[in-house]
Number of protein chains: 2
Amino acid sequence: MKSTGDPAPKLRLLRAAAALLAESDGAPVSTRQITEAAKVTAPTLYHHFGDKEGLFDAVVAEGFAEYLDAERSIPASGQPIEDLRRHWDNHVQFGLDHPQLYLVMFGNIRPERRPSTVATAEAFLEEVLRRAAAASRLVVTPREAARSILAANIGVTLMLISDTAEKRSLELSVMTREAVLSAVATDSEADPVIDTEGTPAVVVAAIALNAALQSSHPDQLSGPELKLFLEWLHRISSRSAS
Amino acid sequence: MKSTGDPAPKLRLLRAAAALLAESDGAPVSTRQITEAAKVTAPTLYHHFGDKEGLFDAVVAEGFAEYLDAERSIPASGQPIEDLRRHWDNHVQFGLDHPQLYLVMFGNIRPERRPSTVATAEAFLEEVLRRAAAASRLVVTPREAARSILAANIGVTLMLISDTAEKRSLELSVMTREAVLSAVATDSEADPVIDTEGTPAVVVAAIALNAALQSSHPDQLSGPELKLFLEWLHRISSRSAS
DNA sequence: GTAGCACCTATAACGCCGCTATATGAACTG
DNA sequence: CAGTTCATATAGCGGCGTTATAGGTGCTAC
């Protein structure tokens, strides 16, 4: 416990490992690369982390803390389903932001050395769903719902990561998200209470379009697209805050 | 091309690799283990397969042929949605029967050395969906539907594999399956095609909303969502065909 | 002081890995 | 039988994760 004396080596190892992992495009990262980048010799690594996997576990733990922070920064908005959407999107976004880290966290599924991250993410999601179960109506137990959502969420994220950047489209994510969510919870009961008083032009136009769409479905949008479009339209129309 | 003379070495390598991979519980399998089990020295392996990855590709190809055979043995029953269910279940079953092989085939996602299996599975599923699109009504393009279904299918299978055998429950699979399928295709007969009414109202409203959005961006939609929303809005506004 | 004692880091090496330069045999072809 | 081609083996390279051993460094006890 020296207050002054820890400029780095353990921390340098962590940083170096994280950086090399992020850069290396899926290629394995060797301990020698790491120790060299951290300007440290091999035993230092094993003294502090015991193992190569121990080091990577620490890296993952850091990334996972960031992930959970982002998750926790999504507050309960009063609309649980909407919260679930944001959590889903946050999950996907994290995967696309840190693909290599994500693959270590969620892609490397070995029964023996099970990363606790999956279980933790599952538990966290379950918690969100428990709130959803209280507020809105949940069709299954939070546990089952969490597993289903997380499985689909991971599957989608892995597929998006494996796509090249230009081919990548979030439509896959949005579509699958809506599919799973709508099956797990009753989407929304509340029809919009519309007061056209001091509402912005955007809201008015959105409501008008929504009304027009009731009588005529455009064929430019596919079913799920239309469904989602209508929902977004609904979201814009029912702006309650501020 | 000798008709008689191939009792084994190449084939023994394949069998040995497959066996060792299936037995080794996720632990890496070395070329030395394989060549020793096949009673062959190292260069033989590289002569026939070029690479360790080449050998495993061959193993995967064998497993994938088995997988595709099972897939193809599922005939068109006349009920396309029911067919899709069977394909989903077959996918999951294959993953649980050959977990290690499955992890190599679908879990190891590297952008560089992309396993062709995923693409092939996707294409195959797309073909099934194209039939579904003809018979029943599909609500999205077969391509999009295939990607969504496959992503969820892989995610579920990976999660089931990572579960211990006793904790494993197919409820997760069935639940997620129904969620994705019901969102992608109308289960029974479809809702009537509504193209009748006067469309201009929609177009006008869409243009108005688009204009309103230029000056004021709603905060109910996240960045990617808004982008997609605007694109769809544009699609609706510029209806020119038919 | 200095002796003892944790702690942290470095030197050097072990055994395993994927892989290959080179050589040898075996089988066809002329 | 000479020539060519294919298939296998000997022996070894460089890189990997890891560690036995030893050397500093700073703290506390006398």
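Helices here are DSSP runs of at least four residues, and strands are runs of at least two. I start from that, and I keep in mind that this is a predicted model.

**Entry 1: chain A**

I looked up the secondary structure of chain A. It has 11 helices and zero strands. I then read the elements from the N terminus on, and each entry in the run is α.

Next I asked how much of chain A is buried. Of its 242 residues, 49% count as buried. I also looked up the exposed surface, which is about 11,500 Å² for chain A. Carbon and sulfur atoms supply 55% of that area.

I checked the contacts in chain A between residues at least 6 apart in sequence. Of these, 66% join residues at least 24 apart.

**Entry 2: DNA strand C**

Which residues come nearest to DNA strand C? I found 17 residues around the strand, and the nearest are Pro9(A), His48(A), Thr31(B), Asp51(B) and Lys52(B). Of the strand C atoms within 4 Å of the protein, 54% belong to sugar and phosphate.

I looked up which helices supply this surface. Helix 3 (42-49) of chain A, helix 2 (31-37) of chain B and helix 3 (42-49) of chain B each give at least two residues. Helix 3 of chain A gives the most, with four. I sorted the surface by class: seven residues are nonpolar, six polar and four charged.

Then I went through polar atom pairs. The side chain of Arg32(B) has an N or O atom 2.7 Å from a base nitrogen of strand C. Ser30(B) has a polar side-chain atom 3.1 Å from a phosphate oxygen of strand C. For Tyr46(B), the side-chain N or O atom is 3.4 Å from a phosphate oxygen of strand C.

**Entry 3: DNA strand D**

I moved on to DNA strand D. Here 17 residues lie around the strand, and Thr31(A), Asp51(A), Lys52(A), Pro9(B) and His48(B) come nearest. Sugar and phosphate make up 54% of the strand D atoms within 4 Å of the protein.

Which helix gives the most to the surface near strand D? I found helix 3 of chain B, with four residues. Helix 2 (31-37) and helix 3 of chain A, and helix 3 of chain B, each supply at least two. The classes near strand D are seven nonpolar, six polar and four charged residues.

I noted three polar pairs. Arg32(A) places a polar side-chain atom 2.7 Å from a base nitrogen of strand D. Lys52(A) has a side-chain N or O atom 2.6 Å from a phosphate oxygen of strand D. The side chain of His48(B) has an N or O atom 2.6 Å from a phosphate oxygen of strand D.

Methods:
Residues numbered from 1 in each chain as written. Chains lettered and ligands numbered in written order. Predicted model: local features only at pLDDT ≥ 70, side-chain atom pairs only at ≥ 80, totals over all residues. Heavy atoms only, no water. Near = heavy atom within 4 Å. Polar contact = N/O pair within 3.5 Å; in protein donor to acceptor, adjacent residues only side chain to side chain. Nonpolar A, V, L, I, M, F, W, Y, C, P; charged D, E, K, R; others polar. Buried < 20%, exposed > 50% of the residue type's maximum accessible area, 1.4 Å probe, protein only. Contact = heavy atoms within 4.5 Å. Areas by Shrake-Rupley, 256 points an atom, 1.4 Å probe, with all protein chains shown as cover.
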